[in-house]
Amino acid sequence: MIVRSSQRWTKCCLASRATTNGMASLNVANISNCDRSMSTVPLHLARSNNGMVNVLVKSTKVPRPVMILPLKQKKKDGNYSPVLGERAEAMPDHISYVGNERMPITSSLNIVKPEDDVPRGIWPVFRMMDENGMLRGNDQSTPIFSSELVHHDLDQLRSYLEQHHPLFYKEIRSSTLLYPSVHEYPDMPTQPHNTLLRAYRQMIRLRKMDTILHNAQRQGRISFYMTHHGEEGLLIGSASALNPKDYVFAQYREAGVLMWRGFTLDQFCNQCFSNDLDLGKGRQMPVHYGCRALNFQTVSSPLGTQLTQAVGAAYKFKLDAASHPEKEHIISIAYFGDGAASCIDFHSACNFASTLRVPMIFFCRNNGYAISTPVKDQYAGDGIISRAPGYGMAGIRVDGNDIFAVHAAVQEARAYAVQTSSPVMIEAMTYRQGHHSTSDDSARYRAAEEVQVATNVSDPTVRLDLFLRRFGWIDDNVATSIEDEERIAVLRAMEAAEARPDPKIEHMFEDVYHEKPPHLVRQEEELHRHLKKYDGQG
């Protein structure tokens, strides 16, 4: 029996272009855009989840946010009534993440450098946007559906935010999320230049893909899957802040980064179903994505191996920059979880990166659990970021559920890495809403109430949704339409991938050696004889 899994290099064309503000913009060509019309989709596929059942997430429906208006309670006739347009209730100054100490919140984007004093006590969490979808700062009276703003005009929205939120002027001014793309995004059916709406749509797309493919595994249609529920904001926020030429070394829960770079739903599904269009030719487990054209190194199962590989790549980029200073400098970024920080590869990578002074980012997704191990059993210190000074490394802690804060932190870290040819560590605080994988049942080690509370309070998709609603960019009808379009697109891609044939058996013995050595020739011949003898194949 041949076990199906996935990957093989296909041709995606990615080019980096400079905008008028000197920021990179994606130009993705040759990436098909899924037909989103519902005319050829059966009603049961268009309007339901096709009978699929998920252990934690019972449908693909994204939680519908409740608008939290900037209200102040004024006493009137013995009762308290809300008054629009006035300052909201006090902004939170601390936040608690499951298993971690209560952490102070800061609105100051400050990368702690090796020569700086280490923060006393608990490292603060950088945040720009609170759970109610409002930017922090002195002015929290942002009007709802302001008549001053043109619908979906990013330039005007950016100028408005700069004026009303001077605390984040630099972050708003430099955020590529708030600039229209020079080139059309091929995966945007409407508003093809709107970067912020693309970020929102891709967060929805990732969640739809996760729920549907997770359910497909439960049905026995694929062998394995891992979801990203609750971590979409840090993935899209970080991906959008990188240069498309930067090299990504992922752990396994970073499909959103690859999606932002242009990997299509068809390509995701081909990999998970290990068909003949799979970029890895059926030789990898599902969700072990990779794309050479998009500078996304193939995911490997062993934990932590990507960290030392990213250091080696960054060292090569450092040598290239020294030899060709006139060329555009690039970095590597390694994603990993709080559990991987306990691997020996983490120590080796951090030590080499700091002593060799290589331009890279260590991006930790601290989601509270390493499979079933909670962070309280993972470390006794202040998370992962407190280790950075010990390696002589710069670092910053950020709210991983705030897409704007993550974007700003990665932009700042990337600039520091390029300018100083030094590594930066980022710890993004978040929460894993789903199981570790389809091999896991998180109900055995955490309460359902814990998951529900974290989902209700800190869901990154809901937070961005609330922000967009404040300016009239989306409403229930628009959100429902996007969810329907993305669900249908995923179902189409999945059914197309499932219908395709398996990769050729010969691919099992290719792409390692330029010329096939004798021992592989013998093994291939033995396999064909075996199949011919027992299965009538070969």
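Contact here means heavy atoms within 4.5 Å. The model on screen is predicted.

**Stop 1: Glu231 and its neighbours**

Select Glu231, in the loop between H4 and helix H5 (232-239). Then show the residues that Glu231 touches, leaving out those up to four places away in sequence: Arg253, Arg365, Asn367, Thr430, Tyr431, Arg432 and Pro460. One of these, Arg365, makes a polar contact through its side chain with the side chain of Glu231, at 3.0 Å. Is Glu231 buried or exposed? Its relative accessibility is 0%, so Glu231 counts as buried; the cut-off for buried is under 20%.

**Stop 2: helix H4**

Move back along the chain to helix H4, residues 195-218. Draw a distance between its end C-alpha atoms: they are 34 Å apart. How does that agree with the span the 24 residues should have? At 1.5 Å a residue, H4 should span 34 Å, so the two values agree.

Next, colour H4 by accessibility. Of its 24 residues, 23 are buried, so the helix is largely enclosed by the rest of the structure.

Look at both ends. At the N-terminal end, Asn194 is the cap, with a side-chain oxygen 3.2 Å from the backbone nitrogen of Leu196. Just after H4 comes Gly220, which has a positive phi of about 85 degrees.

While H4 is displayed, select Arg198 and Trp260. Arg198 lies over the face of Trp260, 4.4 Å from the ring centre. For another charge over a ring, select Arg158 and Tyr179: the charged end of Arg158 sits 3.7 Å from the centre of the Tyr179 ring.

**Stop 3: strands E5, E6 and E7**

Select residues 94-96 (strand E5) and 102-106 (strand E6), which pair in the antiparallel sense over three bridges. Within this pairing, His94 stands opposite Pro104 in E6. The two strands form a hairpin with five residues between them. In the turn, pick Gly99, where phi is positive at about 85 degrees.

Now add strand E7, residues 125-126. In which sense do E6 and E7 pair? They pair in the parallel sense, over two bridges. Label Ile105 and Val125 to see one set of bridge partners, with Val125 in E7.

**Stop 4: aromatic pairs**

Show the aromatic side chains. The whole structure holds 13 aromatic pairs. Among them is the tilted pair Phe336 and Phe346, with 5.5 Å from centre to centre and 50 degrees between the planes. Phe336 is in strand E10 (residues 332-337) and Phe346 is in helix H9 (residues 344-356), so the pair ties together parts that are ten residues apart in sequence. Phe336 counts as buried at 0% relative accessibility, and Phe346 is buried with a relative accessible area of 2%.

Go next to Tyr369 and Tyr445. Their ring centres are 5.7 Å apart and their planes are at 50 degrees, so this pair is tilted. It links distant parts of the chain, 76 residues apart: Tyr369 belongs to strand E12 (residues 369-370), while Tyr445 is in the loop between strand E15 (423-429) and helix H12 (448-458). Tyr369 counts as buried at 7% relative accessibility, whereas Tyr445 is partly exposed, with a relative accessible area of 23%.

Finish by selecting Tyr160, Phe404, Phe467 and Phe471, which form one aromatic cluster.

Notes
Residues numbered from 1 in each chain as written. Predicted model: local features only at pLDDT ≥ 70, side-chain atom pairs only at ≥ 80, totals over all residues. Heavy atoms only, no water. Helix = DSSP H or I, 4+ residues; strand = E, 2+ residues; numbered from the N terminus. Expected span 1.5 Å × (residues − 1). Buried < 20%, exposed > 50% of the residue type's maximum accessible area, 1.4 Å probe, protein only. Polar contact = N/O pair within 3.5 Å; in protein donor to acceptor, adjacent residues only side chain to side chain. Pairing = 2+ DSSP bridges. Phe/Tyr/Trp six-rings, centres within 6.5 Å; stacked < 30°, edge-to-face > 60°. Lys NZ or Arg CZ within 6 Å of the ring centre and 35° of its normal.
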